[in-house]
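The following exercises concern a single protein chain. Each task is followed by a solution that proceeds step by step.

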Amino acid sequence: LPSLCLPCSMHLIQVDSVQRWMEDLKLMTDCECMCILQSKPISIEKDEQNELILSSQYSTCDNLQLLLKRAWIISTELTRIAQKLEKNRWQRVHSMTVRVNCHVHSMVNEYNTFPRSSSEEMHQLEKLLIDKCSEFTAFTERCLQTEDEEILKSMKSCVNETLTTVAQYFGQLIELVLTQEAQNLLRQVELSGSLYVMESAISGLFSLAQEGAHLCRIIAKEGGVVALFKICRQDCFRCLYPQTLRTLASICCVEEGMHQLEKVDGILCLADILTDTSHSEATHAEAAAVIAQITSPHLTFTQHLSSFLENMEEIVTALVKLCQEASSGEVFLLASAALANITFFDTMACEILLQLNAMKILLAACSDRHIVDTPYSRDQVATILANMSVLDQCASEIIQGNGVQLLMEMLFEKSSSGNPAEAAACERVQQKSAVTLARLSRDPEVAEAAVKLSCIPRLIKLCRSPTERNNSDSVLVACLAALRRLAVMSPDGLEDSDFQQLVKPRLVDSFLLCTNMEESFV
């Protein structure tokens, strides 16, 4: 089975390319203005102290976003300069160098207007970068003034070296800026006695963490995980728990975050929160999100799982209860995602789920369209069923809960929006329901129920029609396996051509036959 992950829509916003261009357009036109104005800030009024810099229309909380966008543009431009330099397109190299020079000046000016103190190291790096950019611009301008190929060839290595130095200084400056930003926010979290200031700082950390794994590493190295778990251990900050846990879920996607979690006994803290019935559903849901993150099969580092196993029964019990009592689809999704991930790395979790009647609870939830309301939620349920189906006792639970009917419905899962992430979730639902059928059909009672519900014709349709399975090879393999298992139990359910092509040959031969099929649109 492929690894599970929460849908992007939970914490990340998918940015349309046109929307990205519209956002970047403002920065690019600003750059042209700055070229003309020689990077000088423009005053609004002579008697006003504040100056209108490019970021003036942004609120304080947006300053870092503006800086990161500017940094992204500079980084992209430096990459493009290297590409143009490789092709000896000196005119383009020079014009892009001028643009980078302007962006760097703008970025430094913008950052210096932020309401925070700057270190001496910061000022030194800013000066080094600006000086080197000016040198770089002058250098490329001299290259335009000569047409001698030999001279240009000798100058090219110097230009390359200067470009490398600019990139190095730029990287160091951005790293320092982000580190200081994280330090500043963590200082507010740890030292402020104001709930408002702490909430604002935690929100800032969450925004930082959304910018990618590198930012998460910086926050973790600066003690972010330790500081946030400290909040989660103090009752006076209960109103901050949901936001704090959401931030922890983002930071713990990197190994450094996981190391910190292990050091502060974070899993025990999460278990305590999940089992404490006095906490709100929102707090329980966010704690489940952290569990889902740290148990993700995507993670290659698993040193934290030893302490997780010690608390697994309590955590699984609490998560099943959360699934049963979930008041919304999002809460169910977070709880079921955590359970789905847990079933991947220890079969004991599946046995605990059986003892807790989790199968019955999950099947009942699937009948409520307000709770299991997206393919992402059905993906989690399908994963749990597939992983539990390795246990022999699971078959009777499926029969009692009318689970075969649900598996049949899952074989028809289709995306209504055409969204790629949703379509991928639908594929996983189809694949895992077919895997579950294949595993459970070793029990004659399950196989008989599947045949009566016309699972065989549906499996044949999925094998023969690529569009029905969204051209997914993994769905095809799972359907072929399920079909072969059911064919053994009910050979009369297949026409001879289906048997000869889909059941009788080696699985790999049937797979190649189905992947080469072309549907007729005539």
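**Exercise 1. A salt bridge between two helices**

Is Arg217 buried, partly exposed or exposed, judged by its relative accessibility?

Solution. The structure is a predicted model, in which local features need pLDDT of at least 70, side-chain atom pairs count only at pLDDT 80 or more, and totals for chains, interfaces and linings use all residues. Residues are numbered from 1 along each chain as its sequence is written, and side-chain values use heavy atoms, with hydrogens and water left out.

Step 1. Apply the cut-offs: buried means under 20% relative accessible area, exposed over 50%, and partly exposed in between (1.4 Å probe, protein chains only). Arg217 has a relative accessibility of 31%, and therefore counts as partly exposed.

Step 2. Identify the partner. Arg217 meets Glu256 in a salt bridge, at 3.6 Å from N to O. A salt bridge here is a side-chain nitrogen of Lys or Arg within 4 Å of a carboxyl oxygen of Asp or Glu.

Step 3. Place the pair in the chain. Arg217 belongs to helix H7 (residues 213–221) and Glu256 to helix H10 (residues 255–263), so that the bridge links distant parts of the chain, 39 residues apart. Helices (H or I, at least four residues) and strands (E, at least two) are DSSP runs, numbered from the N terminus.

Step 4. Classify the partner. Glu256 is partly exposed because its relative accessible area is 23%.

**Exercise 2. Two further salt bridges**

Determine which residues pair with Asp379 and Arg99, and whether the partners are buried or exposed.

Solution. Step 1. Asp379 pairs with Lys432, and their closest N and O atoms are 2.8 Å apart. This bridge joins helix H18 (residues 375–388), which holds Asp379, to helix H21 (residues 420–440), which holds Lys432; the two residues are 53 positions apart. Both Asp379 and Lys432 are buried.

Step 2. Salt bridges with shared partners join Glu77, Arg80 and Arg99 into one network. Within this network, Arg99 bridges to Glu77 with a closest N to O distance of 3.2 Å. Arg99 is in helix H3 (residues 90–113) and Glu77 in helix H2 (residues 63–86), 22 residues apart. Arg99 and Glu77 are both buried.

Step 3. For the whole structure, the search finds 17 salt bridges.

**Exercise 3. Helix H9 and its surroundings**

State how many residues of helix H9 are buried, and which elements cover them.

Solution. Step 1. Helix H9 spans residues 241–251, and 10 of its 11 residues are buried. Among them are Tyr241, Pro242 and Leu245.

Step 2. The cover over these buried residues includes helix H6 (195–209), H7, helix H8 (224–231), H10, helix H11 (266–275) and H12.

Step 3. Examine Thr283, which lies in helix H12 (residues 281–294). Apart from neighbours within four places in sequence, Thr283 contacts Tyr241, Pro242, Leu245 and Ile273, where contact means heavy atoms within 4.5 Å. Thr283 counts as buried because its relative accessibility is 2%.

Step 4. Compare Ala285, also placed in helix H12. Ala285 has a relative accessible area of 4% and is therefore buried. Beyond neighbours within four places, its contacts are Leu322, Val331 and Leu334. The C-alpha atoms of Ala285 and Leu333 are 9.0 Å apart in space, although 48 residues separate the two in sequence.

**Exercise 4. Positive phi angles in loops**

Which phi values do Asn402 and Ser454 have, and where do these residues lie?

Solution. Step 1. Recall the background: most residues other than glycine have a negative phi.

Step 2. Asn402 has a positive phi near 60°. It lies in the loop between helix H19 (394–400) and helix H20 (403–410).

Step 3. Ser454 has a positive phi of about 65°. Its loop runs between helix H22 (444–452) and helix H23 (455–464). Ser454 counts as partly exposed because its relative accessible area is 38%.

**Exercise 5. The chain as a whole**

Summarise the secondary structure, burial and contacts of the protein chain.

Solution. Step 1. The chain comprises 26 helices and two strands.

Step 2. It has 522 residues, of which 50% count as buried.

Step 3. Among contacts with a separation of 6 or more, 73% are between residues 24 or more positions apart.
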